[in-house]
Amino acid sequence: MIRTRGLRKTFRTGRRRKSTTVEAVAGLDLTVGEGEIFGFLGPNGAGKTTTLRMLATLLPPDGGEAVVAGADLRTAQAEVRRSIGYVAQGGGTWDDVTAREELVLQARMHGIGRAEAQARAAEALDAFDLTAFADRNCRTYSGGQRRRVDIALGVVHRPKVLFLDEPTSGLDPQSRSHMWDEIRRLRTAGMTVFLTTHYLDEADALCDRIAIIDGGGIVAEGTPTELKRGIAGEVVTLEVADHAAKAAEVLAALDCVRSAEVRDEGDVRLSVDAGETAMPRVMRALADVGVELTTIELHRPTLDDVFLTKTGRSLRES
Amino acid sequence: MKTLRDTWLVFQRHMLLLGRSPLSILLGVAQPVVYMALFAPLLKPALASMGADSMTDAYRIYVPGMLVALALGGGLYVGFGLLAELASGVIERARVTPVSRVALLLGRALRDVVVLVIQAAVIIVLAMPLGLFVHITDLLLAYALLALITLTSSAVSYGLALKVSDPNALGQVVNNIAQPLMLLSGTLLPLALAPLWLRRISDVNPFSRAVVGMRALFAGHAGDSSVWQGIALLAAVALVALAWSARLFARSVR
Ligand SMILES: Nc1ncnc2c1ncn2[C@@H]1O[C@H](COP(=O)(O)OP(=O)(O)OP(=O)(O)O)[C@@H](O)[C@H]1O
Ligand SMILES: [Mg+2]
């Protein structure tokens, strides 16, 4: 659905003499499959918005090529626009009109007839839980309500590809999970969703595949599970009453355990491939040799660990 | 066809917005009304050089000029509204849709024409007790002229807003264009008293042609050559301004 090769954008700012350049996006290669929820995870200033704006025809790339929904971004922008929806990071509604009026206009701007536009608007109001305030002016909405309206505006014409720039920023936990459900439903309806986020849990729970972007380039790409497994595997720490060395020796022989070591604190640290299946086998093996287990703990690497390994910084701090 | 439909869509939306804040229209006429009350009596002696013997004559010369000033000045400031729309993201939202780019400009410029038509009507009605009387066909021709001027000035203002993008800078640019243009059009101050070189410059200014045409209409001389010349000239100017601005709308990267 989306395919980019060497996509680049450099911004020049300041006066002629003291101009500085920012390489916002530096040669991006991406492939997003049909019906996929693809997440773009990265810290502030990583180039997420810039990439989205280029793919949504709002910003001409400085180099590289891209195909969106079968249309070439450089030569067939009108065609790209017919197949996409785009929800900007800051949204975009007029203050003195209602959500319903906005939705109807948006559908009409996509060439949909009056009656059909009204039906689509009602449908979108329903799907995004906006009916309670659909006929009030947008000026009166809370931040979260406004965000939901923004997203409804992006899908009212049923695009093939939907770009969402930080769809859940400003939403409370309940609206957030509601929004996730809604985005999953869009995928079920056959839409391809390309979203950006800097929430680790969102990338993890919602996205089929993610790309981690930093400094305008992709540092890692894959399913959340692949990425997490790819770095350190999972770690099981266990405490035994005694015979720690013997326990480590026995466990290292198991085929689900990559390595086992006794740490200074006297506990045993195992590196495993899949913690949830390894733990019962570890327990059984220890019981077989008569070593008494006091505690056992599974630590799964987070996407933040992935980011840390790839960039040397934590996403939380940057 | 699509452009017409889209223009109608954009226009409708802006009429809706206008209907919800009608105060802005009335605020726009406040200044011209004050001018009419204060300046015209003040200028009567000066207008005598243009054949104004009575107060009514003075208004017949002054009001058409002021209407041109309103169309020119009012239109030149609409760019600020566009900057606000750019900041709010509604323009970007429209730009991702296949909506015609020309329509984004035309729909707005037509809204500006409607605003001017209402404002001009207020002024003309207020001037009636002062003895101003215009024949309906003359009035329609006058409105045609004013509409062309507004299309020009608002298209230029939108174009400048897209180019300049900073509200402070836009204010400077607009002021620097509006002041000399109004002066050279003889809208408020008659050019009859101006030195010859200034009048020469004014002669090539299409808006001063429009002012002459407007005055002919308000004097009841619809057949005067300045009327059709003014309309033809302004139509050409409006077309150029719209084309320039529409191109910027289509190209603008923001
Ligand atoms: N119009 C612009 N002019 C100059 N620099 C820009 C412009 N837009 C973006 N940048 C710069 O490009 C870089 C990438 O910005 P971008 O908005 O794509 O980041 P982002 O990943 O969306 O960040 P955030 O999470 O804060 O939204 C930043 O360093 C930013 O300052
Ligand atoms: Mg961003």
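In chain A, Arg3(A) stands opposite Val67(A) of strand β4(A), where strands are DSSP runs of E with at least two residues and helices are runs of H or I with at least four, both numbered from the N terminus. The model is predicted, so local features need pLDDT of at least 70 and side-chain atom pairs count only at pLDDT 80 or more, while totals for chains, interfaces and linings use all residues. Residues are numbered from 1 along each chain as its sequence is written, chains are lettered from A and ligands numbered from 1 in the order in which they are written, and side-chain values use heavy atoms, with hydrogens and water left out.

**Chain A and its strand pairs**

Chain A holds 11 helices and 14 strands, and its C-alpha trace spans about 75 × 55 × 35 Å along the principal axes. Of its 318 residues, 51% count as buried, buried meaning under 20% relative accessible area, exposed over 50%, and partly exposed in between (1.4 Å probe, protein chains only). Among contacts in chain A between residues at least 6 apart in sequence, 67% join residues at least 24 apart, a contact being heavy atoms within 4.5 Å.

Strand β1(A) is joined to β4(A) by five bridges in the antiparallel sense, and to β2(A), also antiparallel, by 10 bridges; two strands pair if DSSP finds at least two bridges between them. In the pairing with β2(A), Thr4(A) stands opposite Leu30(A). The table sets out these and other strand pairs of chain A.

| Strand pair | Sense | Bridges |
|---|---|---|
| β1 (2-13) and β4 (63-68) of chain A | antiparallel | five bridges |
| β1(A) and β2 (20-32) of chain A | antiparallel | 10 bridges |
| β3 (37-41) and β9 (209-214) of chain A | parallel | four bridges |
| β11 (234-240) and β13 (268-272) of chain A | antiparallel | five bridges |

**Two open sheets**

An open sheet of six strands in chain A follows the order β6-β7-β8-β3-β9-β10, with mixed pairing. Its edges are β6 and β10 (217-222) of chain A, each of which has a single partner strand, so that one side of each is left without a neighbour in the sheet. Neighbouring strands of this sheet are turned by 15° against each other on average, direction ignored; axes are lines fitted to C-alpha atoms, for helices over the stretch in contact, and angles run from 0 to 180 degrees between N-to-C directions. Within the parallel pair of β3(A) and β9(A), Phe40(A) has Ala211(A) as its bridge partner. Helix α6(A), residues 173-188, lies across β3, β7 and β8 of chain A and runs at about 135° to β3(A), whereas helix α11(A), residues 303-311, lies across β3, β9 and β10 of chain A at about 40° to β9(A).

Four strands of chain A form another open sheet, ordered β12-β13-β11-β14, with antiparallel pairing. Here the edge strands are β12 (257-262) and β14 (293-299) of chain A, each pairing on one side only. Helix α9(A), residues 244-252, packs on this sheet, touching β11, β12 and β13 of chain A, and its direction makes about 170° with that of β12(A). Between β11(A) and β13(A), the bridge partner of Glu234(A) is Val272(A).

**The interface of chains A and B**

In all, 30 residues of chain A are in contact with 24 residues of chain B. The area buried between these chains is about 2,400 Å², of which carbon and sulfur atoms give 55%; buried area is the accessible area (1.4 Å probe) that two parts lose on being put together, summed over both. Leu58(A), Trp94(A) and Met109(A) supply 30% of the area that chain A buries against chain B, more than any other three residues.

Four salt bridges cross the interface, a salt bridge being a side-chain nitrogen of Lys or Arg within 4 Å of a carboxyl oxygen of Asp or Glu. In one, between Arg13(B) and Glu102(A), the closest N and O atoms are 2.6 Å apart.

Arg20(B) is located in helix α1(B), residues 2-20, and is partly exposed, with a relative accessible area of 34%. Its contacts include Asp96(A), Val97(A) and Asn137(A), and its side chain makes a polar contact of 2.7 Å with the side chain of Glu101(A). A polar contact is a pair of N or O atoms within 3.5 Å; within protein, one must be able to donate a hydrogen and the other to accept it, and residues adjacent in sequence count only if both atoms are side-chain atoms.

Terms used. Lists of a residue's contacts leave out its neighbours within four places in sequence.
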